[in-house]
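Hi,

Here is the model I promised to pass on. Have a look at it first, and my notes follow underneath.

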Amino acid sequence: MATLLEFKNVSKIYKRGKTETTALDNLSLTLKDDESTILTVAGESGSGKTTLAMLLLGFIEPTIGQIYYKGKDISLLSGSERMTFRKEVQAVFQDPFAVFNPFYTVEHLLEVPIKRFKLAKSRTEIRDRMAEALTAVGLQPDEIFGRFPHQLSGGQRQRINIARALVLRPKVLVADEPVSMVDASLRANILETLRTLQRNYGVSIVYITHDLTTAFHIANSIMVLYRGSVMEAGGVEQVIKYPQHPYTQLLVDSIPWPDLSRRWGQTDLEPSEDTVIGKGCKFYSRCPKAMEVCKTKPPLYQLEPYQTASCFLFKEKPQLEAESLSKALPV
Amino acid sequence: MNPVLKVVDLEVSYYTDAGRAKALDQVNLELNAGEKIGLVGESGSGKSTMALAMMRMIKPPGRIENGQVIVDGTNLTSLSEDEMLRARLSKIAYIPQGAMNSLNPVTRIGAQMIDAIKAHEPTMSKADMKARSIKSLESVELKPEVFKMYAHELSGGMKQRVCIAIGILLEPKVIIADEPTSALDVVTQRQVMETINKVQAEMGAAVILIGHDMGLMAQSMDKVAVMYAGRLVEVSTVKEMFTEPKHPYSQALIRSLPKLDVRGVFQGIPGLAPSLLRLPTGCAFHPRCQEIMDKCKTVRPENQMLASGSRVTCHLYGEGA
Ligand SMILES: Nc1ncnc2c1ncn2[C@@H]1O[C@H](COP(=O)(O)OP(=O)(O)OP(=O)(O)O)[C@@H](O)[C@H]1O
Ligand SMILES: Nc1ncnc2c1ncn2[C@@H]1O[C@H](COP(=O)(O)OP(=O)(O)OP(=O)(O)O)[C@@H](O)[C@H]1O
Ligand code: SF4
Ligand SMILES: [Mg+2]
Ligand SMILES: [Mg+2]
């Protein structure tokens, strides 16, 4: 089976003065070429989700480890390979207020990538392609084309972002919180569009979100990060319905359900202190079940064929090599 | 009880090259002190516009065409620019969409707070301004040290709390928060909402929370207002909204909420949100409505109060229904 994209023991460490932040800690991951999938990356603010996305896009380089695209280290791609990589790996960024050039109209924003990658032959073809993408994200093309970014609402900008990725029909799409600013019904429509993209066009999607309810519905697998490390990973249904890691349990318990009979958050909230103790489990200072052994680093344990957790509560279970993480992720 | 906030027939248009877009159309809303209302609705339906209009912060090509905003007895629409400047923050505060990412990266948080006070209360002493800022930080459960910190030293949740702290510096009667938690993870979301609740209870202020997360609304608001194409189509208590939504758009919205039983089932509303330049005649929702009747295509439904206390803008209800 050909691998499309591979992270091999990737770490990203930021240094600022004397402080070091390990934004991503020894992650290994593969996306296959012939089996497209939707992988959710979840975790709180600062857990390394955007860092993962930036690495995957080749915008930043790993401090340790390598990232391969179609078998080639992405830091060593030739000119034409780089062009292909740029076209085939696309992103929808998190902050719709930051990414657009304020002097370009929507039409121009969408047109540029089509022209750059020579994806259409004629004016009309360009136009059709843009209109199709805008409609897919619930926007009226003729109304939106001439607008500048500041003339759009938050959710409209976010959707322009998605439309931009759609016109390119990439092989891998990294979507960082793509639908946080649209209502539930539109969210359903857009996620459906993303899923169609995956099923019909074989696009693999890395869906970065804190919204576990949408992740549950759209993704095949999920990876829960905390301070750069994988806490739990596996099939999305398994992990969200039967979370095993205390951190995942806290996350799932904090989902605000649109259901009046279900009270929000039964677990007490511990403040997220920055007291990471040495080399141990990163969740130690907040974990209600912390034990002495947790001051050392927990490996991944295999709980189910499609569920793995990095937590000593499961030390009776067989270990899973960090390099084999993808085996626990169904496609 | 006298409402602390009264919005009467508020109307806003944006004058674009393609024509006049009616972004807010005859919006009416009343809110009592201590009440919390969630403002939801499709993206582009006019939620931020409503907030900006209430603050009198609509910029050209936008224009407030009509209407009044009365806070605590003061009609904001009749104030001079100077008076309005003072009213912002002391009577009504707005925490904009994406605010946490627009904190100034090179100025300490404290200096930004003092600047905010200065703009509205230029006569206050430096020491008082500082004391107020620290007090405000404490009410959002941030340590006083944050006063001396920079935005990049704070997590997303902390930044959002700083924005709330800035919003409540002058103890406003009405706090409008535009999607304060949509960039935050669920745990932090819960903490920020607890902060908003606490602040609101301490100050007895009314809160308008703009957002898309119906779960958040269900868990922390008293009422929900639903906007569609620039009109408030329903205002109901949380209980009504989640058990018996009245307007067909609210009903569709509630139906489209994800559940944890069957995986992979989505129920969005087919069709596109209407163009504000060419709103459908009659009820703007009629092309997408499952309950459509003949008159919906031609007659504009009026906003009316139902026996249950809900307000709804739809021909299915009231006289002649
Ligand atoms: N350019 C940078 N310099 C220094 N530290 C950084 C930089 N970018 C990110 N970090 C740090 O790396 C960690 C991971 O950040 P990242 O942005 O990946 O988190 P995230 O999971 O995307 O969070 P959010 O949900 O808030 O978007 C954080 O502690 C962050 O402060
Ligand atoms: N400066 C502007 N010029 C022209 N049209 C504008 C301008 N600002 C907003 N609009 C339009 O007015 C309508 C209402 O926008 P608004 O920002 O109030 O929506 P919103 O309900 O807050 O949406 P979201 O949930 O996506 O933030 C949208 O259709 C938007 O495109
Ligand atoms: S007025 Fe008619 S078209 Fe509009 S929501 Fe009510 S039933 Fe549907
Ligand atoms: Mg991020
Ligand atoms: Mg908005």
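To start with one of the ligands: which residues are around ligand 3? They are B:His247, B:Pro248, B:Cys283, B:Phe285, B:His286, B:Cys289, B:Glu291, B:Cys296, B:Cys314, B:His315 and B:Leu316. A residue goes on such a list if one of its heavy atoms lies within 4 Å of the molecule. By class, this shell divides into 7 nonpolar, 3 polar and 1 charged. For the classes, Ala, Val, Leu, Ile, Met, Phe, Trp, Tyr, Cys and Pro count as nonpolar, Asp, Glu, Lys and Arg as charged, and the others, Gly among them, as polar.

Some housekeeping before the rest. This is a predicted model, where local features need pLDDT of at least 70 and side-chain atom pairs count only at pLDDT 80 or more, while totals for chains, interfaces and linings use all residues. Residues are numbered from 1 along each chain as its sequence is written, chains are lettered from A and ligands numbered from 1 in the order in which they are written, and side-chain values use heavy atoms, with hydrogens and water left out.

Next, ligand 2. You'll find ligand 2 between chains A and B. It is surrounded by 24 residues, and the closest are A:Ser153, A:Gly155, A:Gln156, B:Lys47 and B:Thr49. Both chains make polar contacts with it, meaning pairs of N or O atoms within 3.5 Å (within protein, one must be able to donate a hydrogen and the other to accept it, and residues adjacent in sequence count only if both atoms are side-chain atoms). From chain A, a polar side-chain atom of A:Gln156 sits 2.7 Å from an oxygen of ligand 2. From chain B, a polar backbone atom of B:Ser45 is 3.3 Å from a ligand oxygen, and a side-chain N or O atom of B:Gln97 is 3.1 Å from one. Of the 640 Å² that ligand 2 exposes when taken alone, the protein buries 94%. Accessible areas come from the Shrake-Rupley method with a 1.4 Å probe, and for residues only the protein chains shown count as cover.

Now ligand 1. Its shell has 13 residues, with A:Ser45, A:Gly46, A:Lys49, A:Thr50 and A:Thr51 the closest. They divide into 2 nonpolar, 8 polar and 3 charged. In chain A, β1 (3-16), β2 (19-32) and α1 (49-56) each supply at least two of them, and α1(A) gives the largest share, 3 residues. Helices (H or I, at least four residues) and strands (E, at least two) are DSSP runs, numbered from the N terminus. Oxygen atoms of ligand 1 lie 2.7 Å from a polar backbone atom of A:Gly46, 3.2 Å from a backbone N or O atom of A:Ser47 and 2.7 Å from a polar side-chain atom of A:Lys49. The protein covers 67% of the 640 Å² of accessible area that ligand 1 has on its own.

On to the helices. In chain A, the 14 residues of α4 (123-136) should span 20 Å at 1.5 Å a residue, and the end C-alpha atoms are indeed 20 Å apart. The expected span is 1.5 Å times one less than the number of residues. Buried in α4(A) are A:Ile126, A:Arg129, A:Met130, A:Ala133 and A:Leu134, where buried means under 20% relative accessible area, exposed over 50% and partly exposed in between (1.4 Å probe, protein chains only). They lie on the same side of α4(A), because they cover an arc of only 130° around the axis, taken from the directions from the helix axis to the C-beta atoms. A:Thr124 and A:Asp128 are exposed on the other side.

In chain B, α6 (186-203) has 18 residues and reaches 26 Å from first to last C-alpha, close to the 26 Å expected at 1.5 Å a residue. Its buried residues include B:Val192, B:Met193 and B:Ile196. B:Gly204, with a positive phi near 65°, follows α6(B).

Finally, a few single residues:

- A:Thr308 lies in β12 (307-309) of chain A and counts as buried because its relative accessibility is 0%. A polar atom of its side chain is 2.9 Å from the backbone oxygen of A:Tyr301.
- B:Ile168 is in the loop between α5 (156-167) and β7 (174-178) of chain B and is buried, at 4%. B:Met203 is 35 residues away in sequence, yet 9.1 Å away C-alpha to C-alpha.
- B:Tyr317 comes in the segment after β12 (311-313) of chain B and is buried, at 19%.

Cheers
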